[in-house]
Amino acid sequence: MSLVLNDDQLMFRDAAKRFASARAPVSQLRALRDANDAVGFSRSVWKEMAEMGWAGVLIPEEFGGVGFGHVGAGLIAEEIGRNLSATPFLSTAILGATALLKGGTTAHKEALLPAIASGESIIALASDERARHAPFSIATRATPTAGKFKLSGRKLHVLDGHVADRLIVVARTSGDVDSRDGITLFLVDPKAQGVTMTRFHGVDSRNAASVELHDVVVANEDILGGVDKGGALLDSVLDAGRAVLAAELQGICAESFERTLGYLRDRDQFGVKIGSFQALQHRAAHLFCEIEMLKSVVLRALQALDAQESGAAMLACLAKARASEIGRIATNEAVQMHGGIGMTDEFDIGFFMKRARAATETFGDAFYHTDRYAQMSGY
């Protein structure tokens, strides 16, 4: 498969680049943070993004989307990474839409997908229960009662949970706490009795929430993918999120590198430009090569998801592992080469490091995915 974008994809990327830099740049994230904005992103800008096709990038046209696939989603995510755009793109357009597309009934899709594509509805995946990513370590219980289920448990790091119109809660309907089997996904109204939401700010100034569930009643019609059959569905949802997050990290790496190159060309020290120092040139050359290889890995993973290849999960795992590692290296180098000013809040480069750290930990860091890749490879 060719690792080259076609003409339609190039046009889509260029449109995303222009929009993100004009309407959702780093300065907007800074303003939202400084104002302690109650939402954490601009709803009007998200509506504009939806009109651009961002919210419906994975959603077929029959449900109001543009159906541009995971490669298209990756192109958007790259520009989000370059501009540190604050959006519910990952939580809603990727995780939420994937869960509904793969596990939802026709009624679910007809009711929720058009609202996602139009930017009217925010969806949040309530999955992780530990400080570090452990997708199948689920203690939240769903107990059958009178033809319904009652959910009780606690979820951590629910992206955009505090503004979600629907939660997708991963709960255990059978089996032990760490078993991959016996998991079920439920659609839950965050305003339902027994749901308590606590918002928190991440180090990257993004939004997440912890969710407490106490005997929350959900109907059988709210199940996605079938009872006890949520393991495979959760895997597919997370793999889409990981591949798109890898694309965002790729954008963070590329932008950090380009900003650092500009600084090396402009900064004078001892009467010369610091970009003339051979040691810095070597470090920049090495980083350039790593970022170029990362682009190929990420694109290949996104292509595999679109083609529904049998090895797509492994490639998504590889992309997230490499993006997490190169994200750490690229942002470290950027801050170090900027020197003392790189550590100050008034200079933007530190924002890229913070976002890279948060994105790395989301849905598994490099260590998690290196181990997971080895297990899937049979090592």
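1. In which loop is Val177 found? Val177 is found in the loop between E4 and strand E5 (183–188). The model under review is predicted, and the remarks below concern its computed geometry. With a relative accessible area of 37%, Val177 is partly exposed. Leaving aside neighbours within four places in sequence, Val177 is in contact with Phe136, Ser137, Ile138, Ala139 and Arg172. Val177 and Ala139 are 38 residues apart in sequence, yet their C-alpha atoms are 5.3 Å apart in space.

2. Ser137 approaches this site from another loop, the one between strand E1 (123–126) and strand E2 (141–145). Its relative accessibility is 6%, so Ser137 counts as buried, whereas Val177 is partly exposed. The side chain of Ser137 makes a polar contact with the side chain of Asp178, at 3.0 Å. Beyond four places in sequence, the contacts of Ser137 are Glu129, Arg130, Val177 and Asp178. The contact between Ser137 and Val177 thus appears in the lists of both residues.

3. The strands that follow deserve a separate remark. E2 and E3 run antiparallel and are joined by five bridges. They form a hairpin with two residues between them, and Thr145 stands opposite Lys148 in E3. Ala146, in the turn, has a positive phi of about 50°.

4. Backbone angles may be checked at further places. Most residues other than glycine have a negative phi. Asp160 is not a glycine, yet has a positive phi of about 60°. Asp160 lies in the loop between strand E3 (148–159) and strand E4 (166–172) and is buried, with a relative accessible area of 7%. Phe363, likewise not a glycine, has a positive phi of about 60°. Phe363 is found in the loop between helix H10 (349–361) and helix H11 (366–377), and its relative accessible area of 8% makes it buried.

5. Positive phi values also occur after two of the helices. H2 is followed by Asn36, with a positive phi near 50°. H9 is followed by Gly339, with a positive phi near 75°. Helix H9 itself (residues 312–338) has 27 residues. From its first C-alpha to its last, H9 reaches 38 Å, close to the 39 Å expected at 1.5 Å a residue.

6. Which residues of helix H2 are buried? In H2 (residues 26–34), these are Val26, Gln28, Leu29, Arg30 and Leu32. Arg30 and Gln28 are thus listed as buried together with Val26, Leu29 and Leu32. The cover over the buried residues of H2 includes H1, H3, H4, helix H7 (230–266) and H10.

7. A search of the whole structure finds four aromatic pairs. One of them, formed by Phe19 and Trp54, is edge-to-face, with 5.6 Å centre to centre and 70° between the planes. Phe19 lies in helix H1 (residues 7–23) and Trp54 in the loop between helix H3 (43–51) and helix H4 (69–83), so the pair ties together parts that are 35 residues apart in sequence. Both partners are buried: Phe19 has 11% relative accessibility, and Trp54 has a relative accessible area of 1%.

8. A ring also takes part in an arrangement with a charged side chain. Lys354 lies over the face of Phe351, at 5.7 Å from the ring centre.

9. Is Thr98 buried or exposed? Thr98 is buried, with a relative accessible area of 4%. Its place is in helix H5 (residues 89–103). Leaving aside neighbours within four places in sequence, Thr98 is in contact with Leu58, Gly103, Ser236, Val237 and Ala240.

10. Ala15 is found in helix H1, the helix that also holds Phe19. At 23% relative accessibility, Ala15 counts as partly exposed, whereas Phe19 counts as buried at 11%. Ala15 and Ile274 are 259 residues apart in sequence, and their C-alpha atoms are 35 Å apart in space.

Note on methods: Residues are numbered from 1 along each chain as its sequence is written. This is a predicted model: local features need pLDDT of at least 70, side-chain atom pairs count only at pLDDT 80 or more; totals for chains, interfaces and linings use all residues. Side-chain values use heavy atoms; hydrogens and water are left out. Helices (H or I, at least four residues) and strands (E, at least two) are DSSP runs, numbered from the N terminus. Buried means under 20% relative accessible area, exposed over 50%, partly exposed in between (1.4 Å probe, protein chains only). A polar contact is a pair of N or O atoms within 3.5 Å; within protein, one must be able to donate a hydrogen and the other to accept it, and residues adjacent in sequence count only if both atoms are side-chain atoms. Contact means heavy atoms within 4.5 Å. The expected span of a helix is 1.5 Å times one less than its number of residues. Rings of Phe, Tyr and Trp (its six-membered ring) pair if their centres lie within 6.5 Å; planes under 30 degrees apart count as stacked, over 60 as edge-to-face and the rest as tilted. A charge sits over a ring if NZ of Lys or CZ of Arg is within 6 Å of the ring centre and within 35 degrees of the ring normal. Two strands pair if DSSP finds at least two bridges between them.
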